[in-house]
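Biologist: Hey, I'm new to this one. Can you pull it up and walk me through it?

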Amino acid sequence: MDWSLLSSSSLSLVAFRRWFWSESFWLPPNVTWKDLEEGGGSEGPGPPSMVLPSVYDLWLSVPLAVALFGLRLIWERYIAHPLGHLKSFKETSLAKPQPNEILEKAFGLHGKFSPDHNKILGYAKQLDWTPRQVHRWWRKQRMLGKPSQMQRFKETSWRFIFYLCSFWSGLYILWDKSWFWEMNYCWQGYPRQHVPSDIWWYYMVELAFYLSLVLSLFRDVRRKDFREMVIHHFATISLLCLSWSNNMIRVGTLVVCLHDTVDYWMEGAKLALYCKSNKLCNVMFVVFTVLWFITRLVIFPFRIIRSTMFEGHLVVGMFPMYYLFNGLLCTLLSLNVIWFCMILRMFYQYVIHGKIEKDDRSDTEPEIDSDDGAVANSNAGDGDGVTVTSFGQTTVLTSCFDGRSDGTDGQRNCVSR
C-alpha cells in the first residue's frame, strides 16, 4: 500500500473540507462554527434546553425521503386506487395506433403538431384513407405514453393530502412563534437561536418531501414545465439545506409555509376536475389564483425578501452566504412571477370572455370518444367546461367544451398538463 498517496489524499480531503466550510463564507463577521455548537461559542454556554442545528442533522432527511416515497406508494395502491375504482377512472393509457411507415415518418418530421390540411389530404390519398382516419392516427400517436386517468388521480391525491397536512400543521406550529408575526425576530440573537422540536421536525419533513419529489420526478407525469420544476425543487432543497447549516431556519419556515398555502388548492381543484365537479373546480381555481397573488407576489417579496435584503444585514452583517441565500429567494420569486403570468392570462380570459383558448405551452391529455376511438380536441367548439393547465407548482383551471361533428354539444373534461 502506498502510504504516501493515502496520506496525500487525506490531506487533500481535509483541505477541501476546510475550504468548503470556510467561516468567512458561511457565517457573518466575528461568528465561528463554535457559536452554532450547543454550550459553546463566544457568548458562553447557552441554556441547557437550547438546541442548535447541525449539518449532520440533514442526513436524516434522506431516510425520511425514502420513507415518504414508500408511504406514497402505499397510499396510491391501497387507498387512492380503490377510490379511483369507485369513480370508474380508466387504468389503461391509449392503445398504440396501427403501424404505418408513411405516417410514422411524417410524425418524425412534424412531431406532435398536426400537419396542415393539404398534407393531411396528401397522406390520406397515399394510404387510401379518409382525412378523419389520418387525424385519428395522428392524435393517438401524439398521445401515446400519456398517463391514465387512474395514474393522474393517484399522484394528485397524494400531493393534495401532503400539502393539506403540511400547510395546516405548519401554520399551527408557527402560530405562537414570535418571528411569524414580526420579521425582526428572525435576526435577533442570530446565530444562537434555539430550534424547538416542532420546528426541527417540520423542517426535516419538508426537506424530505422535496427530496422524495426529486426521487419521483422521472416517474410522475412529465409536464411541459419540467425544467422549471427541476429548478424549483433544487432551489427549494438548496434553501432548506443552506438555511439549516447556518441557522437561518426562522426565515426558512416562513418561506415554506407561505408557499404551501396555495398548493393544496391547486391539487384539490384537479381532483374536483377528475371527479367531474366542474363548479367546485372553478371555485377552487379562483381561490387558488387570489391566494397565489397575495402570498407569492405580495407577502413573499414585500415582507420576507424585503427583510432579508434590507433589514437582516443591519443586524447580522453581510457575508457571501447571505448573498447566495437572497439569490435563491429571488430565483423562487422569478418562478412565481413566470407562473403567475400564465395563470393571469387564463384567469383574464375566464372572467372577461367566459372561455379560454388552448394554451400553446401545455399538452392535452385526451379522453377517447366511445364511438370511434378518436381523441377529443380540447379547443374545439364553444361553450363552457373545464381545462387544467399545469405550470410546475401551478395548475390553471379554465373552461372548454368539445363541439361534436354531428352538431350536438358533447361535454369534454380536458386536462392540459
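**Rings first, then the rest**

Modeller: Sure, and keep in mind that this is a predicted model. Let's start with a cluster: Phe20, Trp21, Phe25, Trp26 and Trp33 are linked together by ring pairs.

Biologist: How many aromatic pairs are there in the whole structure?

Modeller: A search finds 25 of them.

Biologist: And which ring has the charged end of Arg296 over it?

Modeller: That's Trp292: the charged end of Arg296 is 4.1 Å from the centre of the ring.

Biologist: Let's zoom out. How many helices and strands does the protein have?

Modeller: There are 14 helices and six strands. The protein has 417 residues, and 50% of them count as buried.

Biologist: What about the surface?

Modeller: The accessible surface is about 20700 Å², with 62% of that belonging to carbon and sulfur atoms.

Biologist: Okay, holes. How many cavities of 30 Å³ or more are there?

Modeller: The count is four. Take the second largest cavity, which has a volume of about 140 Å³.

Biologist: Which residues lie nearest its centre?

Modeller: Thr236, Leu239, Val255, Val256 and Leu332, out of 15 residues that line the second largest cavity.

Biologist: And which helices supply the lining of that second largest cavity?

Modeller: Helices H9 (197-215), H10 (226-245), H11 (249-274) and H14 (320-353) each bring at least two residues. H10 gives the most, with five residues.

Biologist: Switching to the backbone. Where is there a cis peptide bond?

Modeller: Between Tyr190 and Pro191, where omega is about 5°. Pro191 belongs to the loop between helix H8 (178-181) and H9. As background, most peptide bonds are trans, and most residues other than glycine have a negative phi.

Biologist: Which residue in the loop between H2 and H3 should I look at, then?

Modeller: Asn30, which sits in the loop between helix H2 (23-26) and helix H3 (61-86). Its phi is near 65°, a positive value, and Asn30 isn't a glycine.

Biologist: Is Asn30 buried or exposed?

Modeller: Exposed, because its relative accessibility is 79% and the cut-off for exposed is over 50%.

Biologist: And what's the phi of Asn247?

Modeller: About 60°, so positive again in a residue that is not a glycine. You'll find Asn247 in the loop between H10 and H11.

Biologist: Buried or exposed, that Asn247?

Modeller: Buried, because Asn247 has a relative accessible area of 2%, and under 20% counts as buried.

Note on methods: Residues are numbered from 1 along each chain as its sequence is written. This is a predicted model: local features need pLDDT of at least 70, side-chain atom pairs count only at pLDDT 80 or more; totals for chains, interfaces and linings use all residues. Side-chain values use heavy atoms; hydrogens and water are left out. Rings of Phe, Tyr and Trp (its six-membered ring) pair if their centres lie within 6.5 Å; planes under 30 degrees apart count as stacked, over 60 as edge-to-face and the rest as tilted. A charge sits over a ring if NZ of Lys or CZ of Arg is within 6 Å of the ring centre and within 35 degrees of the ring normal. Helices (H or I, at least four residues) and strands (E, at least two) are DSSP runs, numbered from the N terminus. Buried means under 20% relative accessible area, exposed over 50%, partly exposed in between (1.4 Å probe, protein chains only). Accessible areas come from the Shrake-Rupley method with a 1.4 Å probe; for residues, only the protein chains shown count as cover. On a 1 Å grid over the protein atoms alone, a cavity is a set of points where a 1.4 Å probe fits but cannot get out, and a pocket is an open set with protein on both sides within 12 Å along at least five of seven lines; lining residues have an atom within 4 Å of a point. Grid points are joined across faces, edges and corners, and a volume is the space filled by probe spheres set on the points.
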